[in-house]
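Me: I've got a structure here and I'd like to understand the words people use for it. Can I ask you how each label is earned?

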Amino acid sequence: MFIGIIFFLNGKGGVNDMSSSLFLAAIEMQFDYICKRSIDDERKDYLKSLSRISKKEVAFSELDDYVVEQFASIDQ
């Protein structure tokens, strides 16, 4: 994303208030864009992680009896 910035020079060779407010607005928009982009990327990574975990999960009721019997331990 590119935001063009136009600097208006006043008669004294400096940047006037209008261009500095445009510059600040451009910086604010760029910052907002970067924040929104990073939040969206984190959300996508989180959803991918949940998807990977859910593919490996098995419900307790779907386990075979011999697997459930291995969970138990008997004191002697």
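Me: What makes up the fold, in helices and strands?
Reply: The protein has two helices and zero strands. Helices (H or I, at least four residues) and strands (E, at least two) are DSSP runs, numbered from the N terminus. Keep in mind that this is a predicted model, where local features need pLDDT of at least 70, side-chain atom pairs count only at pLDDT 80 or more, and totals for chains, interfaces and linings use all residues. Residues are numbered from 1 along each chain as its sequence is written, and side-chain values use heavy atoms, with hydrogens and water left out.

Me: Why is Leu-24 called exposed?
Reply: Buried means under 20% relative accessible area, exposed over 50%, and partly exposed in between (1.4 Å probe, protein chains only). Leu-24, which sits in helix H1, has 56% relative accessibility, so it counts as exposed.

Me: And how much of the protein counts as buried?
Reply: Just 4% of the 76 residues. The accessible surface comes to about 7300 Å², and 59% of that belongs to carbon and sulfur atoms. Those areas come from the Shrake-Rupley method with a 1.4 Å probe; for residues, only the protein chains shown count as cover.

Me: How do you know that Asp-40 and Arg-43 form a salt bridge?
Reply: A salt bridge needs a side-chain nitrogen of Lys or Arg within 4 Å of a carboxyl oxygen of Asp or Glu. Here the N to O distance is 3.1 Å, so the pair fits the rule. The two residues are three apart in helix H1, which means about one helical turn separates them.

Me: What about Lys-44 and Asp-40?
Reply: Their N to O distance is 3.5 Å, so this pair is a salt bridge too. Shared partners join Asp-40, Arg-43 and Lys-44 into one network.

Me: Why is Asp-40 called partly exposed?
Reply: Because its relative accessibility is 27%, Asp-40 counts as partly exposed. Arg-43, at 44%, gets that label as well, and so does Lys-44 at 41%.

Me: What makes the patch of positive charge?
Reply: Lys-48, Arg-52, Lys-55 and Lys-56 gather there on the surface. Patches are made of residues with over 30% relative accessible area and no salt bridge: like charges are joined within 9 Å, nonpolar side chains (Val, Leu, Ile, Met, Phe, Trp, Tyr) within 5 Å. Lys and Arg count as positive and Asp and Glu as negative, while His and the chain ends are not counted. A charge is placed at NZ of Lys, CZ of Arg, CG of Asp or CD of Glu. Lys-48, found in helix H1 (residues 17-56), is exposed because its relative accessibility is 52%.

Me: Which residues make the nonpolar patch?
Reply: Phe-23, Leu-24 and Ile-27 make it, and it covers about 260 Å².
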